[in-house]
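Grab a viewer and work through these exercises one at a time. Try each task on your own before you read its solution.

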Amino acid sequence: IIFQCCDGGYCRTYDLNTGALIADFPLGSNVSTNHAGGVNFGLEFPDGSEYPALYVSGDLTTKDCYVEKVTPNRSELIQTIHFDLDNNSSFNGAQVVIDKDRKRLIYQQRESTSISDVDNKFHIYEFAIPALDDSEVILTSSDVLCEYVLTHYSPYYQGACIHNGQFLQTHGYAVDKTGVKVGLLFFNMDITDNRDLITRIKFDGLIDYEPQGVTVYNNRLIMSFVNSTYYEIQFKG
């Protein structure tokens, strides 16, 4: 089952095999400022749930991350994670990505207010994933395990995921410094390699829609786009 979250704090579920819509419902974090641009399943299962906790981020005002207990038909807000960092008032973006292998919560912000600024920078802060015991969590600068800046920025970024030690970041629908309009970035998360951009996929002329999300499931790379379609990306060679 695919869980797709939408602007304003809504969720749609689909059958992965047939593409059929299962349900369309509001999240527990159904507020107008919740862009829901970043969505990842975590590691911990809420009490009585067959699905791990779902981390929904991208609130345009509070910069909070909302943790939801989900079924294919409904959702309940069980935790809100607030970020009280030294740069939180000036930086923007506020996306959360879960690194399951290293059991880290990755908090991503952009330095400049303008999301279309090709000279912008991605700032990353890593935290331990908070337990689900508390309904309200505040993460401060003293909780940061490490912080760094990624080596490339692309405008109009949306959802991201981490797989096999690589940070996969969607972007489009504006050209970056290299002239790419729609694509997927792959960063190395290994600290010894300085989180370098190691490769990218360019979709210009192939899928000319803004990417919204990316995930890897059973070694299948699946991306969603703004025209409500899903694509499975297969590599040649």
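Rings of Phe, Tyr and Trp (for Trp, the six-membered ring) count as a pair if their centres lie within 6.5 Å; planes under 30 degrees apart make the pair stacked, over 60 edge-to-face, and the rest tilted. Keep in mind that this is a predicted model.

**Exercise 1: aromatic pairs**

Task: Say how many aromatic pairs a search of the whole structure finds, then work out the geometry of Phe3 with Phe41 and of Tyr107 with Tyr125.

Solution:
- Step one, the count: the search of the whole structure turns up 13 aromatic pairs.
- Step two, Phe3 and Phe41: their ring centres are 5.5 Å apart and their planes make an angle of 90°, so with the cut-off of over 60 degrees the pair is edge-to-face.
- Step three, place that pair: Phe3 sits in strand 1 (residues 2-6) and Phe41 in strand 4 (residues 34-41), so 38 residues separate them and the pair links distant parts of the chain.
- Step four, check accessibility: Phe3 is buried because its relative accessibility is 13%, while Phe41, at 24%, counts as partly exposed.
- Step five, Tyr107 and Tyr125: here the centres are 6.4 Å apart with 45° between the planes, which is a tilted pair.
- Step six, place this one too: Tyr107 belongs to strand 9 (residues 104-110) and Tyr125 to strand 10 (residues 122-128), 18 residues apart, and again the pair links distant parts of the chain. Both tyrosines are buried.
- Step seven, look around them: Tyr107 and Tyr125 join Phe83 and Phe127 in one aromatic cluster.

**Exercise 2: a charge over a ring**

Task: Find which residue lies over the face of Tyr148.

Solution: Centre your view on the Tyr148 ring, then look over its face: Arg195 lies there, at 3.5 Å from the ring centre.

**Exercise 3: the nonpolar cores**

Task: Which residues in the largest nonpolar core touch the most other members, and which elements give two or more residues to this core?

Solution:
- Start with the members: the core has 19 residues, and those touching the most other members are Tyr55, Ile81, Phe83, Leu105, Tyr107 and Phe127.
- Next, the elements: strand 6 (65-70), strand 7 (75-84), strand 8 (92-99), strand 9, strand 10 and strand 11 (136-140) each give two or more residues to this core.
- Strand 8 supplies the largest share, 3 residues.
- Finally, look apart from that core: another one has 14 residues, including Val97, Tyr153, Ala160 and Phe167.

**Exercise 4: cysteines**

Task: Decide how many disulfides there are in the whole structure.

Solution:
- The search comes back with 0 disulfides.
- Try Cys5: its nearest cysteine sulfur is that of Cys11, 4.2 Å away, so the 2.5 Å cut-off is not met and Cys5 is in no disulfide. Cys5 also counts as buried because its relative accessibility is 13%.
- Now Cys146: the nearest cysteine sulfur belongs to Cys65, 18 Å away, and Cys146 is in no disulfide.

**Exercise 5: positive phi**

Task: Are Asn218 and Asn219 buried or exposed, and what is the phi of each?

Solution:
- Locate them: Asn218 lies in the loop between strand 17 (211-217) and strand 18 (220-225), and Asn219 is found in the loop between strand 17 and strand 18 as well.
- Read the angles: phi of Asn218 is near 50°, and that of Asn219 is about 65°. Each value is positive in a residue that isn't a glycine.
- Check accessibility: Asn218 is exposed because its relative accessibility is 59%; Asn219, at 73%, is exposed too.

Methods:
Residues numbered from 1 in each chain as written. Predicted model: local features only at pLDDT ≥ 70, side-chain atom pairs only at ≥ 80, totals over all residues. Heavy atoms only, no water. Helix = DSSP H or I, 4+ residues; strand = E, 2+ residues; numbered from the N terminus. Buried < 20%, exposed > 50% of the residue type's maximum accessible area, 1.4 Å probe, protein only. Lys NZ or Arg CZ within 6 Å of the ring centre and 35° of its normal. Core = buried A, V, L, I, M, F, W, Y, C linked by side-chain atoms within 4.5 Å.
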